[in-house]
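Colleague: I am new to reading protein models. Could we go through one together, with me asking how you know each thing?

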Amino acid sequence: MIWSIATSFPTSRATWLRFWHSERMALDPRLARLVGTWRGDGVGCYPTIADFAYTDEITFNDTGKPFLHFVQRTWINGEPRHTETGYWRMPSPDAVEVVIALPTGQAERGSGTCRTDEDGAIVMETDSSVQNTPSAKQVDRIVRRLRVDGDRMHYEVLMEAVGQGLALHLSSDVRRAL
Ligand code: HEM
């Protein structure tokens, strides 16, 4: 009897650890709904610049880990413009955290919430502080609002930058392409 318990313990402990590990490493199901490539059109504005329209492509990559790798590429009149890349993760069921790098010299890190609204759409909002490289235009805060309803995504990006208060910079509608 004692021998039997002694020999079975390591196996059951290993099984339990595997279960615990797989649960811990699982991608949150709401983040999983973002995985894929999304394409569409956006519009941009800010108190200091002229309004503009842009072509938008966003890819959320499943990394096999409990976070998504994210890449955005944009074009204006066919010319490559802003791009950015980073990570989205959910440290707990209703919390989102982002770390995103911008080629214009900003590093964004922030946190926020994730919920499912009355229509079953996923709604995320993050609020980030920003660090700027010495030659970058000053950006102090970035707020991202994202709504995913099936194969449609709408997002808005607001920023506090170049001495202005929080104001809308981007609004875009994209559809799942891949
Ligand atoms: C979080 C992401 C972004 C941040 C923090 C950001 C930040 C900024 C800042 C600080 C300015 C300068 C405003 C001024 O000088 O008065 C600017 C301008 C501009 N942004 Fe963004 N931007 C972002 C994403 C985008 C995206 C996705 C596009 C799409 C094409 C875009 C297109 C533009 C354009 C066309 C201008 C005006 C011309 C220029 O300065 O190049 N931005 N942005």
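Colleague: Happy to start small. Which residue in E10 is the bridge partner of arginine 152?

Modeller: Arginine 152 has arginine 175 in E10 as its bridge partner. Keep in mind that this is a predicted model.

Colleague: What makes E9 and E10 a pair of strands?

Modeller: Two strands pair if there are at least two bridges between them. E9 and E10 have 8 bridges, so they count as paired, and their sense is antiparallel. They also form a hairpin with 5 residues between them, and valine 162 in that turn has a positive phi of about 40 degrees.

Colleague: How do you know that E8 and E9 pair?

Modeller: By the same kind of reasoning: 10 bridges join E8 to E9, and at least two are needed, so these antiparallel strands pair. Within E9, methionine 153 stands opposite valine 148. This hairpin has 2 residues between its strands, and glycine 150 in the turn has a positive phi of about 60 degrees.

Colleague: How many helices and strands does the protein chain have?

Modeller: There are 2 helices and 10 strands. Reading from the N terminus, the order is α-α-β-β-β-β-β-β-β-β-β-β.

Colleague: Why is the group around Leu34 and Leu68 called a nonpolar core?

Modeller: A nonpolar core is a set of buried residues of types such as Leu, Val, Trp and Met, joined through C-beta atoms within 7 Å. The largest such set here has 19 residues, and Leu34, Leu68, Trp88, Val96, Leu146 and Met153 have the most contacts inside it. E2, E3, E5, E8 and E9 each give two or more residues to this core, and E5 brings the largest share, 4 residues. A second, separate core of 5 residues includes Val130, Val139, Ile142 and Ala161.

Colleague: Which residues does leucine 68 touch?

Modeller: Leaving out residues up to four places away in sequence, leucine 68 touches Leu31, Leu34, Val35, Phe60, Asn61, Asp62, Thr63, Tyr87 and Trp88.

Colleague: How much of the chain is buried?

Modeller: Of the 178 residues in the protein chain, 20% are buried. To count as buried, a residue needs 20 or more other C-beta atoms within 10 Å of its own.

Colleague: And what surrounds the ligand?

Modeller: There are 21 residues around the ligand, and Thr48, Tyr54, Arg81, His82 and Ala161 come nearest. This shell divides into 13 nonpolar, 6 polar and 2 charged residues. Strands supplying at least two shell residues each include E1, E4 and E10.

Definitions and conventions
Residues are numbered from 1 along each chain as its sequence is written. This is a predicted model: local features need pLDDT of at least 70, side-chain atom pairs count only at pLDDT 80 or more; totals for chains, interfaces and linings use all residues. A residue is near a molecule or strand if its C-beta atom, placed from the backbone, lies within 6 Å of it. Ala, Val, Leu, Ile, Met, Phe, Trp, Tyr, Cys and Pro count as nonpolar, Asp, Glu, Lys and Arg as charged, and the others, Gly among them, as polar. A residue is buried if 20 or more other C-beta atoms lie within 10 Å of its own, exposed if 12 or fewer, and partly exposed in between; C-beta atoms are placed from the backbone. Two residues are in contact if their C-beta atoms, placed from the backbone, lie within 7 Å.
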